[in-house]
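Here is a short report for a reader meeting this structure for the first time. Please look over the sequence and the model before reading on.

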Amino acid sequence: MSGSPSLSSPGAPFHIMTKPIGPICNLDCEYCFYLEKEELYDKSGQAGKSKWAMDEALLEHYIRDYIASQPTAEITFAWQGGEPTLLGVEYFERVVELQDWYCPEGKTIHNAFQTNGTLVDEAWAEFFRDHGFLVGLSIDGPRELHDRYRVDKGGKGTFDKVVAAAELLKRYNVEFNTLTVVNRANAKHPREVYRFLRDIGSGFIQFIPLVERAPEQPSGPHSLKGPPQTEGLDGVVSPWSVGSQQWGDFLSGVWDEWIKADVGRVYVNLFDVQLGLWAGMPSSMCVFAEECGSAVAMEHNGDLYSCDHYVYPAYRLGNIQERSLGDMLRSEQQQAFGRDKRTSLPGQCQRCEYRFACHGECPKHRFLHDEQGEPGLNYLCQGYLKFFRHVEGDMRRMVDLLRQQQPPAMIMQIKAEERNRFRGVGPNEPCPCGSGRKFKRCHGRPGC
Ligand code: SF4
Ligand code: SF4
């Protein structure tokens with residue numbers, strides 16, 4: 001991407017998703033892709049969840065190496081799982097002590113902590129507040145939608161516990177955002193999901209599409225499948241995966257609700273990144289960036305992988321006890337992983353008018369054939385095309401506002417004025433804007 005430092009340059013920043021308790025989780029979400037990683041590591045013969053905890057010596061090694069490898073003044077650690085709260089508050093008190101010890105003068109350390117919220121109690125809330133942790137809460141929408149897949153080991157819904165965690169975090173003034181997995185069930189209800197997240201006080205809403213290839217040889221819900229391939233079995237996904245068109249409808253539905261009254265007030269990560277892309281800026285979300293490679297994942301034993309979605313033996317870069325983080329990030333293996341996203345783009349994407357905003361999205365989802373039979377088209381392509389067409393008019397007007405140094409939130413006023421101006425115009429009447437086109441083909445188009 002122009003303007004962003006190349007990972008091959010020494011000292012380029014990178015991001016590590018750290019899994020200090022590996023894949024161990026207290027829930028059994030039907031769609032979780034990470035629970036299968038137990039099979040990757042469950043060979044030690046040790047019992048209990050303690051065998052999954054990153055031990056103190058390794059933790060110290062990691063914290064020291066990560067801080068030393070980051071060239072920026074602000075350093076962010078990202079903790080996730082599995083479920084990191086299973087390690088207990090004391091474990092993270094030690095994390096903070098080690099960070100303080102190794103943090104050089106003039107640098108600031110931040111912590112982002114992704115949790116399912118079910119174990120968050122007053123002690124956790126106090127800890128998060130005292131140490132300025134940013135908490136990411138996984139929640140899929142109102143009760144019936146959240147509980148559809150996010151269940152505990154006994155199959156019981158977890159909605160009440162997650163909402164209680166959100167209330168607790170608010171009470172303790174802990175900054176939190178939400179992560180919503182958009183699946184076959186909640187994708188049908190974009191407005192309800194969005195309003196719910198906004199109303200529970202999520203300051204930063206993140207949506208992730210659930211796309212999972214069905215196991216080629218079924219052997220249980222969490223069988224360890226290989227990395228997603230880019231050919232064969234077109235469109236075969238698990239029953240809980242979001243449909244491609246459904247993803248487009250979901251994003252469009254949320255957009256219509258958000259743009260009515262919430263621009264500049266509620267932060268929807270995907271929309272913000274898209275506005276930046278339409279304005280010619282680089283993407284801060286890897287899925288819309290031209291190349292991958294700067295967001296790696298680290299397992300509890302120090303193994304580093306090319307990406308959180310590629311924790312497979314072929315994508316292991318090494319172990320932090322054997323090689324420095326910087327070396328592994330700058331290795332030819334990781335460079336090639338990053339470049340592949342761009343170089344494997346099929347012809348349809350290369351010719352696509354929205355390539356600047358999509359770049360073929362995540363390679364994990366590229367398992368269709370394009371219009372000319374070339375492999376590597378993204379399963380979500382139709383959905384993204386639908387969404388881009390739906391928001392194009394609004395996006396272009398918001399970019400114009402930015403260029404005039406006006407806040408993009410002015411779009412809400414512009415649209416409200418238009419609604420008044422065009423009220424009562426029939427679909428086949430001339431558009432009042434003077435374009436000479438029928439209203440239904442001009443300002444009366446859906447999404448205009
Ligand atoms: S493979 Fe997908 S999730 Fe991983 S870095 Fe690339 S775009 Fe991001
Ligand atoms: S919208 Fe479809 S064709 Fe266009 S870049 Fe994205 S995946 Fe490729």
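## A central strand and its neighbours

His 15 stands opposite Ala 295 in strand β8. This is a predicted model. His 15 belongs to strand β1, residues 15-18. Strand β8 covers residues 295-298. The two strands pair in the parallel sense, over four bridges.

Strand β1 has a second partner. Two bridges join β1 to strand β2, residues 74-79, and the two run parallel. Here Met 17 has Ala 78 of β2 as its bridge partner. Which residues of β1 are on its covered face, and which on its uncovered one? Ile 16 and Thr 18 are covered, whereas His 15 and Met 17 are uncovered. In a regular strand the side chains alternate between the two faces of the sheet.

## The whole sheet

Now place β1 in its wider setting. An open sheet is formed by 10 strands, with mixed pairing. Their order is β7-β6-β5-β4-β3-β2-β1-β8-β9-β10. The edge strands are β7 (267-268) and β10 (316-319), and each pairs on one side only. Strands of a sheet pair through backbone hydrogen bonds, either parallel or antiparallel.

Both senses can be seen here. Strand β3 (residues 108-115) and β4 run parallel and are joined by four bridges. Ala 112 has Leu 134 of β4 as its bridge partner. Strand β4, residues 134-138, is mostly covered, with four of its five residues buried. Strand β9 (residues 303-305) pairs with β10 in the antiparallel sense, over three bridges. There, Tyr 305 has Arg 316 of β10 as its bridge partner.

## Helix α11

Helix α11 spans residues 332-343. At 1.5 Å a residue, its 12 residues should span 16 Å. The end C-alpha atoms are 15 Å apart, which agrees.

Which residues of α11 are buried? They are Gln 334, Phe 337, Gly 338 and Lys 341. These four cover an arc of only 90° around the axis, so they sit on the same side of α11. The buried residues pack against β10 and α10 (325-329). The face turned away from that buried side carries the exposed residues Glu 332, Ala 336 and Thr 343.

## Around ligand 1

Two residues already met return here. Ala 295 and Lys 341 are among the residues that surround ligand 1. The others are Cys 286, Val 287, Cys 292, Cys 307, His 309, Cys 362, Pro 363 and Lys 364. By type, the shell divides into seven nonpolar, one polar and two charged residues.

Ala 295 is thus a shared point in the model. Ala 295 of β8 stands opposite His 15, and Ala 295 is also part of the surroundings of ligand 1. Lys 341 is likewise named twice: Lys 341 is buried in α11 and is one of the residues around ligand 1.

## Around ligand 2

The surroundings of ligand 2 include Gln 348, Cys 349, Cys 352, Tyr 354, Arg 355 and Cys 358. Also included are Gly 360, Glu 361, Asn 378, Cys 381, Tyr 384 and Leu 385. Which elements give two or more residues to this shell? They are α12 (347-351), α13 (355-358) and α14 (381-403). Helix α14 gives the most, with three residues.

By type, the shell around ligand 2 divides into seven nonpolar, three polar and two charged residues.

## Two unusual backbone angles

Most residues other than glycine have a negative phi. Asn 173 is not a glycine, yet its phi is positive, about 55°. Asn 173 is found in the loop between α6 (159-171) and β5 (176-182). Is Asn 173 buried or exposed? With 9 other C-beta atoms within 10 Å, Asn 173 is exposed; the cut-off for exposed is 12 or fewer.

Gln 405 is not a glycine either, and its phi is positive, about 60°. Gln 405 lies in the loop between α14 and α15 (410-421). Gln 405 counts as exposed because it has 6 C-beta neighbours inside 10 Å.

## The protein overall

The protein has 15 helices and 12 strands. Of its 448 residues, 37% count as buried. What share of the contacts with a separation of 6 or more joins residues 24 or more positions apart? Such residues account for 70% of those contacts.

Terms used. Residues are numbered from 1 along each chain as its sequence is written. Chains are lettered from A and ligands numbered from 1 in the order in which they are written. This is a predicted model: local features need pLDDT of at least 70, side-chain atom pairs count only at pLDDT 80 or more; totals for chains, interfaces and linings use all residues. A residue is near a molecule or strand if its C-beta atom, placed from the backbone, lies within 6 Å of it. Ala, Val, Leu, Ile, Met, Phe, Trp, Tyr, Cys and Pro count as nonpolar, Asp, Glu, Lys and Arg as charged, and the others, Gly among them, as polar. A residue is buried if 20 or more other C-beta atoms lie within 10 Å of its own, exposed if 12 or fewer, and partly exposed in between; C-beta atoms are placed from the backbone. Two strands pair if DSSP finds at least two bridges between them. The expected span of a helix is 1.5 Å times one less than its number of residues. The arc is that of the directions from the helix axis to the C-beta atoms. Two residues are in contact if their C-beta atoms, placed from the backbone, lie within 7 Å.
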